[in-house]
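User: I am new to this structure. Please show me how to read its features, one at a time.

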Amino acid sequence: MRISRRSFLARAGAISVSSLIPFQAASRSARAATPESIELIVPAGAASRTGIAGQLVAAALERELGRPVKIINIQQPGQGYEMLAAAPPDGRTFGLIAADLVSLNTGGTSAIGPEDVTPLGLLNEDPAGIHVRKDSPWRRASAVIDAAQSNGGTLKASGAGRKAIWHVSVERWAMASGLGAENVDWESARNASVAAQNLVVGGTDVVVCSVPEIRMAPSVASIKTLAIMGRSRHPRYPGIPTLKEQGLALRAGLWRGVAAPPGLPAPIARKMTASLRNIASAGAFQRPMLRRGFGLAFADGSEFADYMAEEQAAYEVAMAAIGTGPYEGPKMRRPSSPPDVSNTGEAPPRQSYGAAPS
């Protein structure tokens, strides 16, 4: 039987429409089944060490929660913390917080402090390292302090901007060693590489910053590390002793963890802390962190709150000793300024930030 063109087109259209119905229904079902994404505010640029840590944490959260994670990088840390503190506590917005939450607050640059967020879990500690020229006679950190005391009581140090984390760390070290914060002659530097170069040419006595930062400096071949201000030796750098091993029990440096806006319901907080505990113990998170030189640590929500309270107290003492003057660490824009968002798209593919460099 011959089928007319009109009849053929009518039948084909009916078949096409009927075949689309289950497909459209399946698409709606798939969309309904797609897990709701969460946002992770990272108060740093994507290429910074805090930005890289944020990418690794985002990848781990995706694996653990089975939900897409949208990274929001805020170039101005203080503004990133302000955004986190103002977000609704609905379990969809979290933030990677770092030690500059405390330094910005105690340095008088930001009104947002640890009490303005809900701490959920500490994940990283990067202890301050004490770095000197390789040809110096010093073998222990205490020898640097002894030399400073015999040289008119002045310790020339660098590592970052004024009142930034590494400046606070060297002040804490000096005070714990009996030198006195007023005896620290701090040379501001844009970053650790600049501070390292100044050290090598004799501009300063010591650079205080994390070990990974000094290892990335072009002049690292002319520098040695005497000790770190950590609770234990870094597994990536096991040959470097702690200050505690050298007789001074001091922990200082940079740390990072996850927090939520204030007022997060307790059930959501408990669930997220449990997930962060799983992440902290997972090799899929630990391996890329260690390869990039990040120290591993974990403290749950209440322990993290206590940890930050101790940091706040120590920073207040150090900032008071440093005195008045400009803050030259990461700055916060005025609230009226628009957010400086460098990445508001979805988190990059897992392999782009979960795989370790060769």
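Analyst: We will go from the whole chain to one helix, then to one sheet. Keep in mind that this is a predicted model.

User: How many helices and strands are there in the protein chain?

Analyst: The protein chain has twelve helices and twelve strands.

User: What share of the residues is buried?

Analyst: Buried residues account for 49% of the 358 residues in the chain. The accessible surface is about 16300 Å². Carbon and sulfur atoms hold 53% of that surface.

User: What do the contacts say about residues that are apart in sequence?

Analyst: Take the contacts between residues at least 6 apart in sequence. Of these, 80% join residues at least 24 apart.

User: Now a helix. Why do some residues of an α-helix point the same way?

Analyst: An α-helix has 3.6 residues a turn, so residues three or four places apart point the same way. Now take the case here. Helix α2 covers residues 49-65, which is 17 residues. From its first C-alpha to its last, α2 reaches 24 Å. That is close to the 24 Å expected at 1.5 Å a residue.

User: Is α2 mostly covered or mostly open?

Analyst: Mostly covered: 13 of the 17 residues in α2 are buried.

User: Which residue comes just after α2, and what is its phi?

Analyst: Gly 66 comes just after α2, with a positive phi of about 70°.

User: On to sheets. How do strands of a sheet pair?

Analyst: They pair through backbone hydrogen bonds, either parallel or antiparallel. One case here is an open sheet of five strands. Its order is β7-β6-β8-β5-β9, and the pairing is mixed.

User: Which strands stand at the edges?

Analyst: β7 (184-187) and β9 (223-228) do. Each has a single partner strand, so one side of each lacks a neighbour in the sheet. From one strand to the next, the twist averages 30°.

User: How many bridges join β6 to β7?

Analyst: Four bridges join them, and the two strands run parallel. One partnership links Ser 158 with Glu 187 in β7. Between these strands the chain passes through helix α6 (residues 165-176). This β-α-β crossover is right-handed.

User: In which sense do β6 and β8 pair?

Analyst: Strand β6 (residues 155-158) and strand β8 (residues 206-209) pair in the parallel sense, over two bridges. Ala 157 has Val 206 as its bridge partner in β8. Ser 158 has Val 207 there. Ser 158 thus has a bridge partner in β7 and another in β8.

Technical notes: Residues numbered from 1 in each chain as written. Predicted model: local features only at pLDDT ≥ 70, side-chain atom pairs only at ≥ 80, totals over all residues. Heavy atoms only, no water. Expected span 1.5 Å × (residues − 1). Buried < 20%, exposed > 50% of the residue type's maximum accessible area, 1.4 Å probe, protein only. Contact = heavy atoms within 4.5 Å. Areas by Shrake-Rupley, 256 points an atom, 1.4 Å probe, with all protein chains shown as cover. Pairing = 2+ DSSP bridges. Axes fitted to C-alpha atoms, helices over the stretch in contact; angles between N-to-C directions. Right-handed = clockwise from strand over helix to strand, strands pointing away.
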